Amino acid sequence: VTLDRARSLDAADPLAFARDRFSLPDGLAYLDGNSLGALPRATPAHIADVVERQWGGDLITSWNQHSWIDWPQQVAAKLAPIVGADSSELLIADSTSVCLFKLLVAGLQAQTGRRVILTETGNFPTDNYVMQGIAGLLPGAELRIVARGDLIDAIDDDTAVVSLTHVDYRSGERLDMAAVDRAAHAAGALTVWDLSHSAGALSLDLHSDGCDLAVGCGYKYLNGGPGAPAWLYVAERLQARLTSPISGWMGHADPFAFAGDYRPADGIRKFLTGTPSILALAALDCGLDTFAGVDMAAAESKAKALTGFFVEVIENCCGIDLTSQHVRSRHGSQIVVPHSHGYAVMQALIARGVIGDFRAPDLMRFGFSPLYNRFEDAWSAAVILADLLETGSWDDPRFHARRAVT
Ligand SMILES: Cc1ncc(COP(=O)(O)O)c(C=O)c1O
């Protein structure tokens, strides 16, 4: 597999225009947009404007003058076409963990007579930690964690909520959302999806597909910056039935009435809690703008082509068999390469300008953003990996030293 082929695939890429929207260092193959999306070119100037002109110049009047108060919904409106939701079903708020807590408790409490939250062992840890916390907090609530293959059969009359991550953060496996939703709905259960590794990489149609509830990160494929606020989705048809368990003033029907008692806002705004983080919202706003004119079906096709090409080059150059991932038609926009010294090999890759990450015990993760990654990135990552493995140059003490974030 040649560099020429990578370049001709890049030349034919209908989304190639989007790469210019990002500020990426030269000579780097950045394959970690599934952890931290790249910096959009527009972000620094927009943040500077919000800081200097809005905050510095207009001070507190900006809440009205620049509609800061509406940004959680206004910014969410830009996410609507990316995930196939109505803007009235989306909100930018908090972190993914906190959004998940809110929706799980809201779902559980709306399901009178049912007490089980069902998930699977391979779910992202924060999701299961949040569920463990809820089971400890709410009298009668029970958390049931089963193997992925047993999920559908485990849904029964006692299941209040099924909560899963759509694309596995380790293997990249993509769960069958429609099948789980069908089984859950047939049994009268609600579903809460964590779409952190899906939104911005895959084509989603939450509204038409009848998705109940969902959350996701703002800092991965959505390019909102480190620690960007998360997003939550509540289907229109469920909004009247569900109540946020964190009844803060920003979710009140009339926050500036300063009434003595909580009265939830109508619609999605009831899921707000405290004062929105305006600077973080400004950065996420630019992250979402990078999707302007991007057809998500084309983005998913490109994700599939990029990951497929990467697997092909890895197999050819490194002699590593990734058949299980290659034949799997259902995966997200990442590929993992197992290696018993994966941490050290990844550090060596980073030193050579190929940035991915590592997930214990032995997985090197390579994430592909359809907006800015090129086939040439996939090619160079695979060729450099092949060289490191062949020469053994990854086996150096400086690559073995573990840092806090892997
Ligand atoms: C699937 C998934 N959910 C949630 C999170 C993190 O959630 P939070 O935004 O609360 O840190 C991650 C982070 O990598 C993730 O991969």
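Around the ligand stand 13 residues, and of these T96, S97, D194, H197 and K220 come nearest. The model is a predicted one, and every distance and angle below is computed from its atoms. Sorted by class, the shell around the ligand consists of 3 nonpolar, 7 polar and 3 charged residues. Two helices, α5 (96–110) and α6 (125–137), each contribute at least two residues to this shell.

Several side chains place polar atoms beside the ligand. The side chain of S97 has an N or O atom 2.5 Å from an oxygen atom of the ligand. In the case of D194, a polar side-chain atom lies 2.6 Å from a nitrogen atom of the ligand. The side chain of Y219 also takes part, with an N or O atom 3.1 Å from an oxygen atom of the ligand. How much of the ligand does the protein bury? Taken alone, the ligand exposes 400 Å², and the protein buries 83% of that area.

Helix α5, which supplies part of the shell, also contains F101. Which residues does F101 touch, once its neighbours within four places in sequence are left aside? F101 is in contact with V130, I134, L137, P245 and I246. Another pair illustrates how the chain folds back on itself: F101 and V215 are 114 residues apart in sequence, yet their C-alpha atoms are 10.0 Å apart in space.

The discussion now turns to the sheets. One open sheet has 7 strands in the order β4-β10-β9-β8-β7-β5-β6, and its pairing is mixed. Why do β4 (90–93) and β6 (142–146) each have one side without a neighbour in the sheet? These two strands stand at the edges and each has a single partner strand, so one side of each remains unpaired. From one strand to the next, the twist averages 20 degrees. At the β4 edge, β4 and β10 pair in the antiparallel sense over 4 bridges. Within this pairing, L90 has Y233 of β10 as its bridge partner.

The loop between β9 (213–216) and β10 (230–234) holds N223. This residue is not a glycine, but it has a positive phi of about 60 degrees. Most residues other than glycine have a negative phi, and most peptide bonds are trans.

A second open sheet is formed by 3 strands in the order β11-β14-β13, with antiparallel pairing. Its edge strands are β11 (334–338) and β13 (357–359), each of which pairs on one side only. The twist here averages 35 degrees from one strand to the next. Strand β11 is joined to β14 (residues 363–367) by 5 bridges, and the two strands run antiparallel. One of the residues in this pairing is P338, whose bridge partner in β14 is L363.

Helix α10 (residues 296–318) lies across β11 and β14 and runs at about 20 degrees to β11. The loop between β13 and β14 contains P361. Which form does the peptide bond between A360 and P361 take, cis or trans? That bond is cis, with an omega of about 5 degrees.

Key
Residues numbered from 1 in each chain as written. Predicted model: local features only at pLDDT ≥ 70, side-chain atom pairs only at ≥ 80, totals over all residues. Heavy atoms only, no water. Pairing = 2+ DSSP bridges. Axes fitted to C-alpha atoms, helices over the stretch in contact; angles between N-to-C directions. Contact = heavy atoms within 4.5 Å. Near = heavy atom within 4 Å. Polar contact = N/O pair within 3.5 Å; in protein donor to acceptor, adjacent residues only side chain to side chain. Areas by Shrake-Rupley, 256 points an atom, 1.4 Å probe, with all protein chains shown as cover. Nonpolar A, V, L, I, M, F, W, Y, C, P; charged D, E, K, R; others polar.
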